[in-house]
Amino acid sequence: MEESAGQNSHYFLDSLLIDKLISALRGLGYSVIGPVVREDTIVYDEIESASQLPVGVKDKQGPGYYRLEKRGDEAFFGFVVGPFSWKKFLYPPRVKLLTVAKNGEVSIHNVDEGKKMAFLGVRACELAAISIFDRVMLGGPYVDPVYSAMRRNIFIIAVNCTEPGENCFCLSTGTGPEVSSGYDISLTEVVSDDAHYFVAKVGSSRGKSLLEHIGARGATSEEISEAAVRMERSHTLFRKKLDTDGLKDLLYKNLESPVYEEIAEKCLACANCTLVCPTCFCTTVEEVTGLSGDAAERWRRWDSCFNIDFSYIHGGPIRSSILSRYRQWFTHKFATWVDQFGVMGCVGCGRCITWCPVGIDVTEVAAKIRQREVEVSAT
Amino acid sequence: MARRPRIAVYKFASCDGCQLSILDLEDELLTITENFEIAYFLEASRAVVKGPYDIGLVEGSITTPHEAELIKEIRKNCKVLITIGACATAGGIQALRNWGRSAEFMKYVYPKPEYIEILDKSTPVSDHVPVDFELRGCPINKYQLLEVMSAYLAGRAPNIPNQSVCNECKLKGNVCIMVAKGIPCLGPVTHAGCGAICPAYGRGCYGCYGPRESPNSRPLMKRFIELGKPQEEAVMAFRLFNAWAPGFREVKAED
């Protein structure tokens, strides 16, 4: 039975309508950014049609391991997250902030209205990460003008994860696998032997008008329940867990945990975990002049607490050992972030586990610290 | 206009590649000469302006007793001494002989080895004299050299990050080939500067820029073994242009 599509209701989309959705957004002046296969990996890039999506592809992930596999079906979103998050678009790796001419004239860059971008395929963990970014960059007394500009014209089509990956633990961090807010449209993909469709949920009025515009019909109660069944099942498929119970206090009490020494033996301090993390926002600022000395430019680029110069202050770096750098990052993500921003800095996407060249797993590190604490208090 | 700072370019044991990188700054050479006086640069011109010099750029490692004396003279003659490239900064590919017996090699290479007078080891310039700045790379990145020269003119510190190549890969948008393809890569322990060229083309980093700050090479070597490299090869990955640099030098086979 077909439902009438009222406010907060569900719509039915097939693969052709996904294509129409992309065209319609492009027609509205949006660059549509979605998942594509590049260099045997799924990354986000500009797309023009649904045929560019990673159809029938799955990502197999492990600590320090990522490979694509064929699924054996035609799913459009049958994978989880790749190495790059939406941070790349909202908070670009390199941004020119200002130019000072020799005569003292200052021009400020990249603070005007950002370009219109539609993100297709934003996962629940990634939406949570964007909301953390909003809090950090826009929420306090000091608003980041570059992020603010980039964030202004974003249309979000989220996708619920029906099959969490090997390194996903958003169920533990309370950030997934289904999206709860902050989207214009959310999709749940239904793939079976005889059907392939998407149940779209409206998240904003412009999301609703877009669905109406492309001629999507209301989803039937059967279709809605098929989608719901898949999401219920998704909850049972998580293999990775993080015990967040009292985690902040646990970490504060165990700053000298021997576990950090073990990790420091293995950690390369290469910064990969922070650079792939969808919530890590640290940057450095470089002043650049050319040979002619006509002007000086100020650039901001991604930096990491794993780089020694990151903690360089008068007299030298305050975190010269790898141990201190790992502990800084880990305790920030899972403890001090909570005091600073009211939520944990981790959204359970598992990128830091997958893209660590030596496969260090934050959930294992947390579990070990807890286990050692228990051991210590037992003796 | 104030006197242009005088630059001298010196060569020791090396392949000349870093000096060529200077000449390769084709579009910028005129601006360079407007701002600096190229006073001594035999690779470019036999015209020599007598020192002392404001900046000495040194290519090459110290491998003979003669060179060990010469670099001291050069140091005295240059206000600022900058080493350019892996040879001058780490001892170069020729430092591989530091693990062997030079006298033995010479018997096979030279008909009259008794004419050859060399030091026991090929060493970086900083083992012999104080160095003000070390620019890495085999060869150097010409734009990094330009940055050092621009910084000198502006009286500021050069923007030459000492972090890992991974930073460059991620900023550039390269996918990690070690994780996604299982290709051993020295990127995590290697000094940035090249712009992550090799990983962008699906090859592991060769470590041309030498060890970054705090290189934790041992677990990376072990990871290479896990990825299927025989132990000997995993160690040999660190034995290239920067083999003698602390951080790579200590990597050895383990039980």
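Which residue forms a salt bridge with B:D24, and how far apart are the closest N and O atoms? I started my notebook with that pair. The model is predicted, and I kept that in mind throughout.

**Entry 1: a salt bridge within chain B**

I looked up B:D24 and found its partner, B:K142. The closest N and O atoms of the two are 3.6 Å apart. I then checked where each residue sits. B:D24 lies in the loop between α1 (17-23) and α2 (29-35) of chain B. B:K142 belongs to helix α6 of chain B, which covers residues 142-154. The two residues are 118 residues apart, and the pair links distant parts of the chain. I noted the general idea beside it: side chains of opposite charge can pair when their charged atoms come close. I also looked up the total, and the rule gives 43 salt bridges over all chains.

**Entry 2: where chain A meets chain B**

Next I turned to the interface. How many residues does each chain bring to the contact? I found 46 from chain A and 39 from chain B. The two chains bury about 3400 Å² between them. Carbon and sulfur atoms carry 53% of that area. On the chain A side, A:E39, A:L268 and A:L291 lose the most area to chain B. Together these three make up 21% of what that side buries.

I searched the interface for salt bridges and found 2. I also looked up the pair A:R325 and B:E213, whose side chains meet in a salt bridge at 3.2 Å, N to O.

**Entry 3: α9 and α11 of chain A**

I moved on to helix packing. Helix α9(A) spans residues 258-266, and α11(A) spans 322-341. Their axes are 9 Å apart and make an angle of about 115°. The two helices are therefore roughly perpendicular to each other. The crossing is right-handed.

Which residues touch? From α9(A) I listed A:Y260, A:E261, A:I263 and A:A264. They meet A:I322, A:L323, A:Y326, A:R327, A:F330 and A:T331 in α11(A). By class, I noted 7 nonpolar, 1 polar and 2 charged residues in this contact.

**Entry 4: α1 and α6 of chain A**

I looked up one more helix pair. Helix α1(A), residues 15-27, packs with α6(A), residues 205-213. Their angle is about 115°, and the axes lie 10 Å apart. α1(A) passes α6(A) in a right-handed crossing. A:L21, A:A24 and A:L25 meet A:L210, A:L211 and A:H213. I noted 5 nonpolar residues, 1 polar residue and no charged ones in this contact.

How values were computed:
Residues are numbered from 1 along each chain as its sequence is written. Chains are lettered from A and ligands numbered from 1 in the order in which they are written. This is a predicted model: local features need pLDDT of at least 70, side-chain atom pairs count only at pLDDT 80 or more; totals for chains, interfaces and linings use all residues. Side-chain values use heavy atoms; hydrogens and water are left out. Axes are lines fitted to C-alpha atoms, for helices over the stretch in contact, and angles run from 0 to 180 degrees between N-to-C directions. Helices (H or I, at least four residues) and strands (E, at least two) are DSSP runs, numbered from the N terminus. Angles under 35 degrees count as roughly parallel, over 145 as roughly antiparallel, 65 to 115 as roughly perpendicular and the rest as oblique. A crossing is left-handed if the near helix is turned anticlockwise from the far one by less than a right angle, and right-handed if clockwise. Contact means heavy atoms within 4.5 Å. Ala, Val, Leu, Ile, Met, Phe, Trp, Tyr, Cys and Pro count as nonpolar, Asp, Glu, Lys and Arg as charged, and the others, Gly among them, as polar. Buried area is the accessible area (1.4 Å probe) that two parts lose on being put together, summed over both. A salt bridge is a side-chain nitrogen of Lys or Arg within 4 Å of a carboxyl oxygen of Asp or Glu.
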